[in-house]
Amino acid sequence: MSTQTAGPRTDLRDWLDLTNAISLPPGMWVDGEWSPARSGRTTDLVTPRDESVLAQVPSGDEHDVDRAVRGARAAFEARVWSGLEPRERGAALIRWADLLDLHRDELAVLLALEMGKPVLVARDIEMRTAINAIRWYGELADKLMDESPRGRPHALAVVTREPVGVVGAITPWNFPMTLAMFKIPAALVSGNSVVVKPATQTPLSLLRSAELACQAGIPAGVLQVLTGSGSGVGAPLALHHDVATLTFTGSSAVGKQLLVYAGQSNAKPVWLELGGKSPNIVFPDAEDLDQAARTAAWAISFNSGQMCTAGSRLVVHRDIRDEVVARVIAHLDTHVVGDPLDPGTTLGPLAYRQHREEVLAEVASGVAAGATLRHGSARGRDEGLFVDPVVFTDVDPASRLAQHEIFGPVLSVLTFEDEAEAIAIANDSDYGLGSAIWTSDLKRAHRLAREIQAGMVWVNCYEEGDTSVPFGGQKLSGHGSDRSEHGLDKFTTLKTTWIDLA
Ligand code: NAP
């Protein structure tokens, strides 16, 4: 049976047939081939679907990192990629996007198996975003310009952007493809080689994608994917002297540690996309309160709440709180919880058992702290790793529920009296990633958009995004941007050349 995307797969049986036809990636992807860890060690990969062992994945260590970085550096110096015409690099990226599209169903299955994402979400949202990103940077390849100031009679200054060499990328498990592709095509189109360490839980989709990158004509060594733990592979990658730039998406704690590693090694720049506790602010003059509530329900439950931009703080005007909360709960109740391979499922399990325990412990401590539990429970479902969305009201803005990133489907509802209080609550956070405002007052929307400390502000919508605009945060949510032309900056270095014309 072909694993390529063919006719529509309409029911669970179709997706199970495809699952049975897929061969899982048999190793790490280094220098254009599958490779075991040098130590021969492996780790069991457990699927959150039913907690069975899916595969044995190589447990890389510093020797594997060194080998992959040396291979990437050798490819860079041999100019097999960096020496191509930009349009040739662009064409290879577009071929890669086409191949991923062709294998989209297969990759969606890998995503569903490795992290529990509902397969249609994986195919129609995660894969679409990842493929669009690659295609966008591929199409941009030969449209980028360097700079030269005008009008100097006796000299010419040329400001060029050059690839940095080897880019290290460390990515999380919640969007294994999308978040990797916020970085990899931008690094590649600039002429770099890239060594990626995906999260321990979710290496499969990226490994298969790297194999397809080679088939698309991206030369061996230019894109390496290493498997292993944060300490075994991530740390040596961040500490490696031949990694010129490090780009990271993950928790703020690990992000801070990477800055230390950079200081302990070659002072490489470290670009951080970190956690969030995004405020979703609803005013009584919102044009459509039900749409605001439906979107708030989506913002805390999409991807089972495992989203850096999750709208985890619903900041609602006191007068409309009860109505909005009732509507949010009604929308949350429309979720179909179940097998991620079932196309009818809209809410899958959490990604792994320990994470589920941590999320439920946060719910229990919220109850103990006196917040009112309006939906869900601190027990989760009896079977599997499923957690029904949780809604708390009467949340103290200074409490852990309101301040700590839970990274699960747990909504804290806070109330405000006036605009100034809404802004104060929104900004009372170490984080500054996403934010949303629901109002029909245009001036208010503009005022708040200016005042809110966040990398992204959505007005009467949530999580709008496109490869053409930056994605990134402020404060403890990180710095630098993925996506857009700005997403290229971190993967190039500026050089100024003066030429005497006198
Ligand atoms: P994490 O624990 O920080 O892990 C992220 C990556 O870092 C994983 O590949 C991990 O490897 C690796 N790592 C862990 N310790 C390391 C170390 N000492 N040195 C080098 N690498 C190390 O985060 P996560 O649990 O996967 O993801 C959840 C977090 O990511 C949340 O805070 C979420 O908000 C954030 N996030 C942010 C964005 C954004 O764009 N701002 C997007 C998505 C997620 P192992 O898997 O082996 O531990």
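Is Cys214 buried, exposed or partly exposed? In this predicted model, Cys214 is partly exposed, with a relative accessible area of 26%.

**View 1. Cysteines without a disulfide partner.** The predicted structure contains zero disulfides. A disulfide is a covalent bond between the sulfur atoms of two cysteines. For Cys461, the closest cysteine sulfur belongs to Cys308 and lies 16 Å away, too far for a bond. The cut-off for a disulfide is a pair of cysteine sulfur atoms within 2.5 Å. Cys214 can be shown in the same panel as a partly exposed residue.

**View 2. Surroundings of Glu273, annotated as active site.** The label "active site" on Glu273 comes from an unreviewed UniProt entry. Glu273 belongs to strand S10, which covers residues 270–273. Its relative accessible area is 5%, so Glu273 is buried. Leaving aside residues up to four places away in sequence, Glu273 touches Lys183, Phe248, Thr249 and Gly250. Further along the chain, its contacts are Phe471, Gly472, Gly473, Ser477, Gly480, Ser481 and Asp482.

**View 3. The Trp29 and Trp34 ring pair.** Nine aromatic pairs are found in the whole structure. One of them joins Trp29 and Trp34, with ring centres 4.7 Å apart. Their planes meet at 70 degrees, so the pair is edge-to-face. The cut-off for that class is an angle over 60 degrees. Trp29 is buried at 5% relative accessibility, whereas Trp34 is partly exposed at 25%.

**View 4. An aromatic cluster, and a charge over a ring.** Trp173, Tyr352 and Phe407 are linked into a cluster by ring pairs. In a separate inset, Arg9 lies over the face of Trp15, at 6.0 Å from the ring centre.

**View 5. The open sheet from S13 to S18.** Seven strands make up this open sheet, in the order S13-S14-S15-S12-S11-S17-S18, with mixed pairing. Strand S13 (372–375) and strand S18 (458–459) are the edge strands, and each pairs on one side only. Strands of a sheet pair through backbone hydrogen bonds, either parallel or antiparallel.

**View 6. Pairing of S17 with the edge strand S18.** Strand S17 spans residues 436–438 and pairs with S18 in the parallel sense, over two bridges. Within this pairing, Ile437 stands opposite Val459 in S18. S18 is an edge strand of the sheet.

Note on methods: Residues numbered from 1 in each chain as written. Predicted model: local features only at pLDDT ≥ 70, side-chain atom pairs only at ≥ 80, totals over all residues. Heavy atoms only, no water. UniProt positions renumbered as here; feature names shortened; annotations may be inferred. Helix = DSSP H or I, 4+ residues; strand = E, 2+ residues; numbered from the N terminus. Buried < 20%, exposed > 50% of the residue type's maximum accessible area, 1.4 Å probe, protein only. Contact = heavy atoms within 4.5 Å. Phe/Tyr/Trp six-rings, centres within 6.5 Å; stacked < 30°, edge-to-face > 60°. Lys NZ or Arg CZ within 6 Å of the ring centre and 35° of its normal. Pairing = 2+ DSSP bridges.
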